[in-house]
Amino acid sequence: MVNKCRSYLSTFLFFILLLSQFTGIACAAGEQKVLVLEISDSITPVTDDMVADAIAFAENDDYEALVITLNTPGGNLDETIDIIEQIAATDVPVIGYVYPESTKAWSAGTLILISTDVAAMAPYTIIGSAQPVSITSGGSEPIEDEKIINALVKRATENAKQHDRNQTAAEEFITKNLNLDADTALEYGVIEYVAPSIADLLSQVDGLEVKGKVLETDGATIDYYEASLKLAFLNIISDPIVSSLLLLLGVYAIILGISNPGFGAELFGVIAISLGLIGTGFDVNIGALFLIIVGVALLVLEFQAPGFGVFGIAGLVCVVAGSVLLAPTDFPQNYTPAEFQRTLILSIATPTLVLGLFLVFIIYKVFEIRRQKPLFGELIGDTGLAIDTIGDGQEGYILHRGQRWKARSSDMIEKDDKVRILEKDGVILVVEKLKSEDGEENPENQD
């Protein structure tokens, strides 16, 4: 009986052990996880920092792969190159994915995509438009400098070659502004996968060998990278439109603060300009800053002088021109299509003009106030009507232009007598009786 019990116990323990092994294997398979980093705007210096932070996070937490979703018009070339080098340097497989549907990865975004370990696109997305352009007074012009073009082409084709992708297409993205949709990019060998969702993409790449590692991504847990508070804040102010507007608001705040001290506008202006400079990475056009400084000086001079004249007009022109020049549209600092650059300039110029017109309105109102006579000055010598008995130490009220004023007088003034205002003592008017020999008459302003 005891032996039989021992046999049953041994069998039970064997099954428990076997079950735990299978459970352990299943749990280990289910523990695979993938990190997703979203790039959904212009590529800025902060984007570079976010990619570095996400890669470090993926390395330290043993993620199966890092997926970088791209929905960008382009951005800074220096940061783009840094991102490409970070992707090449890490041991974590990096999957580039133009996502969601009907979005794009132009210019710098295209260079990043063809440099990832695995390249994919969602349906109806577009890549391309990587020819560098510059915005001039005559419109957008393609950059023809062979030194610049050849360097970009070589960078793109070498990245494509490294990942066994279409080098001709990589070249024509730059030289011919080639644009490709997802299906055509797959057909031409620019990308490896077309997937409608991240989960579908992970299912497709499962079992693929990347950087000496076989991916186990089918059914993996998807974690989304969340930037630290510092990086999230920097990401907001590094947007070209936001940083330029901060500089613009700072300039006008300082102008108003200097002209009307005591309200703290100067402090706000200094803070706004500081944040704007941080957002642009301190790579600011010196000529643009000079124009803005000159414009501020001229507008302050206009505030100090009566009227809106040559100083005000010249100052406004300088501020508008400097603000437009601050918009990062020059290659290679900004590597985006001409259409996006024009939109960026309009986004900066429009509020600049609106704020400029607002400043003109303020200057006009200041001029109006300067031209007005003080109210007290208008009272002196004017006439009114007594509505109380005044005099002999007794104060009363008079009516002047429909308003009641408290008054006193050394004369004895009866109700309904006409009076002349001599002076103002605090809130009390000093008056005298209007005598008949002074040519007494009913003034027009009398009620």
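## Finding your way around

Helices (H or I, at least four residues) and strands (E, at least two) are DSSP runs, and their numbers count from the N terminus. With that in hand, Ser-107 is easy to place: this residue is found in the loop between E4 and H4. Please keep in mind as you read that the model is predicted.

## Ser-107 and a cis proline

Ser-107 has a phi near 50 degrees, which is a positive value in a residue other than glycine. Is Ser-107 buried or exposed? Its relative accessibility is 1%, and since buried means under 20%, Ser-107 counts as buried.

Another loop to look at lies between strand E3 (94-98) and strand E4 (104-106), and Pro-100 is in it. The peptide bond that joins Tyr-99 and Pro-100 is cis, with omega at about 5 degrees.

## Asp-117 and its contacts

Next comes Asp-117, in the loop between helix H4 (108-113) and strand E5 (118-121). This residue is buried, with a relative accessible area of 16%. A polar atom of the Asp-117 side chain lies 2.8 Å from the backbone nitrogen of Val-94. The Asp-117 side chain also has a polar contact of 3.1 Å with the side chain of Lys-211. If neighbours within four places in sequence are left aside, the residues in contact with Asp-117 include Val-92, Pro-93, His-163, Arg-165, Glu-192 and Val-210.

Lys-211 itself is found in the loop between strand E11 (209-210) and strand E12 (213-214). Its phi is near 50 degrees, a positive value in a residue other than glycine. At 35% relative accessibility, Lys-211 counts as partly exposed.

## Two helices side by side

Two packed helices are described by the angle between their axes and the distance between the axes. For helix H2 (residues 45-60) and helix H9 (residues 229-237), the angle is about 150 degrees and the axes are 9 Å apart. Angles over 145 degrees count as roughly antiparallel, and H2 and H9 are therefore roughly antiparallel to each other. The crossing in which H2 passes H9 is left-handed.

Which residues of H2 and H9 meet? From H2 come Val-46, Asp-49, Met-50 and Asp-53, and from H9 come Leu-231, Leu-234 and Asn-235. The residues of this contact divide into four nonpolar, one polar and two charged.

## A glycine between two strands

Last on the tour is Gly-402, in the loop between strand E15 (396-400) and strand E16 (403-408). Gly-402 is partly exposed, with a relative accessible area of 44%. Its C-alpha atom is separated by 9.4 Å from that of Gly-384, and the two residues are 18 residues apart along the chain.

Note on methods:
Residues numbered from 1 in each chain as written. Predicted model: local features only at pLDDT ≥ 70, side-chain atom pairs only at ≥ 80, totals over all residues. Heavy atoms only, no water. Axes fitted to C-alpha atoms, helices over the stretch in contact; angles between N-to-C directions. Parallel < 35°, antiparallel > 145°, perpendicular 65-115°, else oblique. Left-handed = near helix turned anticlockwise from the far one by under 90°. Contact = heavy atoms within 4.5 Å. Nonpolar A, V, L, I, M, F, W, Y, C, P; charged D, E, K, R; others polar. Buried < 20%, exposed > 50% of the residue type's maximum accessible area, 1.4 Å probe, protein only. Polar contact = N/O pair within 3.5 Å; in protein donor to acceptor, adjacent residues only side chain to side chain.
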